[in-house]
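Welcome! Please take a look at the sequence and the model below, and then let us walk through a few of its local features together.

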Amino acid sequence: MSKCSSGTCGSKKASGCGSADAAVARQNTAIAASLDRIKNKILVMSGKGGVGKSTISVNLALGLAGKGYRVGLMDVDLHGPDIVRMLGMPGRMDGELAKDGKMPPLQYNDRLKVISLESMMENRDDPIIWRGPLKNQAIRQFIADVAWGDLDYLVIDAPPGTGDEPMTVAHTIKDAKALVVTTPQNIALADVRKSINFCKHVSMKIVGIVENMSGFICPHCDKPVDIFKTGGGEQLATEFSVPFLGKIPVDPRVVIAGDDGKPYLSSGATSPAAQAFEAFLARVEKELPAATAAVSIPMAKGESSCGCGGGPCNPNTCDC
Ligand SMILES: Nc1ncnc2c1ncn2[C@@H]1O[C@H](COP(=O)(O)OP(=O)(O)OP(=O)(O)O)[C@@H](O)[C@H]1O
Ligand SMILES: [Mg+2]
Ligand SMILES: [Zn+2]
């Protein structure tokens, strides 16, 4: 978009390509200003579908917010946005624009801001049919036009693979770091190699690899059963010299909780899966220190610890 391909528009700069260039430049400035206020940007990705990226993203964001950090969660799985459903947030984004003209994100609670295409759609069951340039534009607007404010972490949930969405994130957020999710089977591990090679290709640093669905926790006795192999993620991390962030077992409560919009792994439960998740969370916190110190605060959905009182925080009027 930066150059006119016809080469004939020089005299129409004010209304033609020149103004398009200016709009892109303005958007670039807005993107840079937004990103400047966000300390850590984490792109949760994998080469394979269904390995638990959205589950990890949601629980990671909630877990970090529960430690007192300021967190944003951005769903860039534009074809299959799941985040707001997993968080049980049926509302649509229709809040008033902030003073600076930015769109307020959904507010899960006063520490967690969320944005997903799903919350902007009239009908959530409509299929989304978008090609590359539109996806690129949507993601750029998610960053430029949303009132994220100051954040310690922005967690970005990507669709499977190395297509337009992770590519746009890599190009737009130069200091984003990839958190690669895998499962223990060989076939998934082969896809992780692709993700790691993608990161090398676009010069994106890797926070580390997490092995999800690593062993099964029996619901009757809470003991681990290795129905798949375990340890493949750790081997890959060693092979590629990237941190291994931990193993999270299969636990049926994760599925039920995800479907009910009440994330389980970050709920503070004492089961092996929830404890494994806590260890993973601590590892991420260590790899990516925040801008503010952690203050553990109990947070129920819709509660606000700022000047907004008992109800949800209103980012337009609140100075929190
Ligand atoms: N540790 C776990 N134990 C049990 N179920 C899990 C676990 N992690 C994820 N799941 C379940 O697996 C399914 C797929 O998870 P999820 O949607 O997070 O994967 P994804 O990688 O985001 O998928 P997609 O590639 O389609 O975006 C969901 O039903 C989720 O609840
Ligand atoms: Mg997903
Ligand atoms: Zn058992």
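The notes below cover a strand and its partners, a helix, a ligand shell and two backbone angles.

## Strand β1 and its partners

Keep in mind throughout that this is a predicted model. A good place to begin is strand β1, residues 38–45. Seven of its eight residues are buried, so the strand is largely enclosed by the rest of the structure.

β1 has a parallel pairing with strand β5 (residues 151–157), made over six bridges. It also pairs in the parallel sense with strand β6 (residues 177–182), here over four bridges. Val 44 appears in both pairings: it stands opposite Asp 157 in β5, and its bridge partner in β6 is Leu 179. If you follow the side chains along such elements, remember that in a regular strand they alternate between the two faces of the sheet.

## Helix α2

Next comes helix α2, which covers residues 53–66. How far apart should its ends be? At 1.5 Å a residue, its 14 residues should span 20 Å, and the end C-alpha atoms are 19 Å apart, which agrees.

The helix is mostly covered, with 14 of its 14 residues buried. After α2 comes Gly 68, which has a positive phi near 100°.

## The shell around ligand 1

Which residues come nearest to ligand 1? Out of 21 residues around it, they are Gly 49, Gly 52, Ser 54, Thr 55 and Gly 258. Helix α2 returns here: together with β7, β9 (244–250) and α8 (252–260), it is one of the elements giving two or more residues to the shell.

By residue class, the shell around ligand 1 holds nine nonpolar, eight polar and four charged residues.

## Two positive phi angles

Some background helps here: most residues other than glycine have a negative phi. Ser 203 and Met 213 are worth a look in that light. Ser 203 has a positive phi near 55° although it is not a glycine, and Met 213 likewise has a positive phi near 55° without being a glycine.

Where do they sit, and are they buried or exposed? Ser 203 lies in the loop between α6 (186–201) and β7 (205–217). It has 8 C-beta neighbours inside 10 Å; because 12 or fewer make a residue exposed, Ser 203 counts as exposed. Met 213 is found in strand β7 itself. With 25 other C-beta atoms within 10 Å, where 20 or more are needed, Met 213 is buried.

Methods. Residues are numbered from 1 along each chain as its sequence is written. Chains are lettered from A and ligands numbered from 1 in the order in which they are written. This is a predicted model: local features need pLDDT of at least 70, side-chain atom pairs count only at pLDDT 80 or more; totals for chains, interfaces and linings use all residues. The expected span of a helix is 1.5 Å times one less than its number of residues. A residue is near a molecule or strand if its C-beta atom, placed from the backbone, lies within 6 Å of it. Ala, Val, Leu, Ile, Met, Phe, Trp, Tyr, Cys and Pro count as nonpolar, Asp, Glu, Lys and Arg as charged, and the others, Gly among them, as polar. Two strands pair if DSSP finds at least two bridges between them.
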